[in-house]
Amino acid sequence: MQPPIRRKGRRKGLPPKASSPGPKASKRKIRVDGLISVGQLAHELGVKAPVIIRKLMELGTMATVNELLDVETAAFIASDFEYEVENVGFTEDQFLQAVDAEEEEVGLTGRPPVVTIMGHVDHGKTTLLDALRSANVASGEAGGITQHIGAYQVELRGQPITFIDTPGHAAFTEMRARGASVTDIVVLVVAADDGVQAQTIEAINHAKSAGVPIVVAVNKIDRPGVNPDTIKHRLGEYELVPEEWGGSTMFVAVSALKRIGLDDLLEQILLQAEVLELRANAERFAEGIVIEARQVKGIGPVATVLVQKGTLNRGDNVVLGAAYGKVRTMTDHRGAKLKTAGPSMPVELSGLTALPLTGDRMVVVKTEKDARTLAEHRATEAREAGLKGTRRRNVEDLFAMAANSDKKILHVVIKADVGGSLEALRGALEAIHVEGTELRVLHAAVGDISESDVGLVAVNNGLLLGFNVKVDPRAKIAAEANSVAPETYRIIYDVLDRVKFVLSKMVDPTYEDVLQGTAEVRKVFLISKVGAIAGCFVKEGKVSRNNSVRLVRNNVVLWEGKLATLKRFKDDVREVTSGYECGIRLDGFDGIEDGDVLECFARQEVAGAVG
Ligand code: GDP
């Protein structure tokens, strides 16, 4: 499921909100200035931090006390505690061009597919990218000096296709880790003379976890004695079954070196794109993603941006992550100067004040001042988050996790020293059964924990487990940057215990009511428009504002429900202990009488059962 898109207008497809009687008087408010840490939110809600951490975990995301939540996420959590969140901070929306969802649907037209090439090292990814670029440059412009800008477009019979010019899945995952998805189709290069290898499988798992379809290019078919069918058989084990065998994966035999089958490959990509029905609205302010950025002597920072929606014009005021500027020049990969760039078009632009990062989102705003304000705000926010060593979670993370809400899914990546232990571990993990949860192995391979493993866990949330392996140095850096904690083990049972523990923590907890205190009703006051307020005396234990209550009269339970208010004199209080008087109003019951006894219960959690 796609995460929800924030829009100002009414969301198309959603029913209009039922008319509500207005906010309840009892609804309490928290004021948040842009971001709030898990710990602070817990404090404001009057609960302990683990309660919030658990809530996030139930939604499938692991968070720490210091983790920063944005306003929407905080509001989502707070609503469960009957709190409202008010954003008193800076909101980006006031600078962004609101596009009404309906209006956008009207203007949709087809757009070219964006393709990333992946596969095992030395299987010919770079050679293929080079071959496609030089053989199929857009009509009329052949002979131009091609330059590397990070992405390029080729045409087949006038139909453009965009290729991301960084082969391999590191770039793909890095962008996804930053919340950016640019790839519509993955071309998986497999050398016919070498077959399916470790990174081939890694690439398949990355593409699958991103939900991106794969077109297989069986490369090096010019080599003597190779048989592409062997590869088809092997890939069948990974659910990539060719159409002629009843599957839906397109296979193309190519030689990147001898330039055989290239048009065939482009043809299959266009066919796959047709199935995907890729569309975008070109008639709006542009939005895009930074593919690459670099400093150029005498020009300053330049960035290659893939336009995803709308049309980017020279002179537009742009914000790219925490960088901004006014587009001075736009150049395509042949060095041609452009005035406009529409959806799926990669362009290198200059006129920026700072260097953006790969994966940063580009937006167009109305004025240069807006661009500066927005960029400066983001830079400050990033600095603050950096200082606290925290990563911010946003509501898209949560909804993406909660999408499959009937079962809580735990993603794991497993690395082990040898094939035997890998299979044993995988088998044992998949055999763990915890009611209401599902364990999904995103990737399992032999070898140390790598940067790519970290990336896969960072984008999906989950556990990164190593058995008798090390975490390689680049993975350590990436783990730090992405708040991923790789775990390494030497004993298989420790891994199993850990996974069981996490799964059991993820299931909806079962609660039992524990008696916390009793209060006796001494005098009932009927107040017009409010209802019955019972003046009570707490006889045993304590009474808390969020307790559930049973009203007992003559040893019979007459009513069960919640407290509406708990007061000492005129003040709302959180709890009242034995020996004190208090005023109680019940939520939805006014038939309370003198002499009634209120039994107050706290809900306590019973841990999920592990089988
Ligand atoms: P990458 O690591 O996947 O980017 O692989 P490269 O593109 O660098 O190619 C690795 C080696 O395979 C190079 O020596 C290429 O010349 C060679 N190679 C690539 N494609 C073909 C092909 O179609 N046929 C043959 N015979 N060799 C190829």
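# Exercises on a predicted model

In this predicted model, an N or O atom in the side chain of K220 lies 3.0 Å from an oxygen atom of the ligand. The exercises below begin with the ligand.

**Exercise 1.** Determine how much of the ligand the protein buries, and state which residues come nearest to the ligand.

*Solution.* Step one concerns area: the ligand exposes 570 Å² when taken alone, and the protein buries 76% of that. Step two concerns the surroundings: there are 15 residues around the ligand, and D122, K125, T126, T127 and D222 come nearest. Step three assigns the shell to elements: α5 supplies its largest share, three residues. Step four adds polar contacts. K125 places a polar backbone atom 2.8 Å from an oxygen atom of the ligand, while T127 has a polar side-chain atom 2.5 Å from a ligand oxygen atom.

**Exercise 2.** Check whether the span of helix α9 agrees with its number of residues.

*Solution.* Helix α9 covers residues 262-276, which is 15 residues. The expected span is 1.5 Å times one less than the number of residues, so α9 should span 21 Å. The end C-alpha atoms of α9 are 21 Å apart, which agrees with the expectation. After α9 comes E277, whose phi is positive, near 50°.

**Exercise 3.** Describe the part that α9 takes in the largest nonpolar core.

*Solution.* Begin with the buried residues of α9, which are L262, L265, L266, Q268, I269, L270, Q272 and A273. Next, consider the core itself: it has 27 residues, and L128, F163, V187, L265 and I269 touch the most other members. Elements giving two or more residues to this core include α5 (125-135), β8 (159-164), β9 (185-191) and α9. The largest share, six residues, comes from α9. Finally, take I269 as a detailed case: leaving aside residues up to four places away in sequence, I269 touches P113, V115, I161, F163, I185 and V187. Another core, of 24 residues, lies apart from this one, and I414, A416, L422 and V502 are among its members. In soluble globular proteins, nonpolar side chains tend to be buried together.

**Exercise 4.** Classify T249 as buried or exposed, and list its contacts.

*Solution.* First, locate T249: the residue lies in the loop between α8 (228-236) and β11. Second, apply the cut-off: buried means under 20% relative accessible area. T249 has 6% relative accessibility and therefore counts as buried. Third, list the contacts: not counting residues up to four places away in sequence, T249 touches I214, V216, E239, L240, V241, P242 and E243. Fourth, compare sequence with space: T249 and V215 are 34 residues apart in sequence, and their C-alpha atoms are 6.4 Å apart.

Conventions
Residues numbered from 1 in each chain as written. Predicted model: local features only at pLDDT ≥ 70, side-chain atom pairs only at ≥ 80, totals over all residues. Heavy atoms only, no water. Helix = DSSP H or I, 4+ residues; strand = E, 2+ residues; numbered from the N terminus. Buried < 20%, exposed > 50% of the residue type's maximum accessible area, 1.4 Å probe, protein only. Core = buried A, V, L, I, M, F, W, Y, C linked by side-chain atoms within 4.5 Å. Contact = heavy atoms within 4.5 Å. Near = heavy atom within 4 Å. Polar contact = N/O pair within 3.5 Å; in protein donor to acceptor, adjacent residues only side chain to side chain. Areas by Shrake-Rupley, 256 points an atom, 1.4 Å probe, with all protein chains shown as cover.
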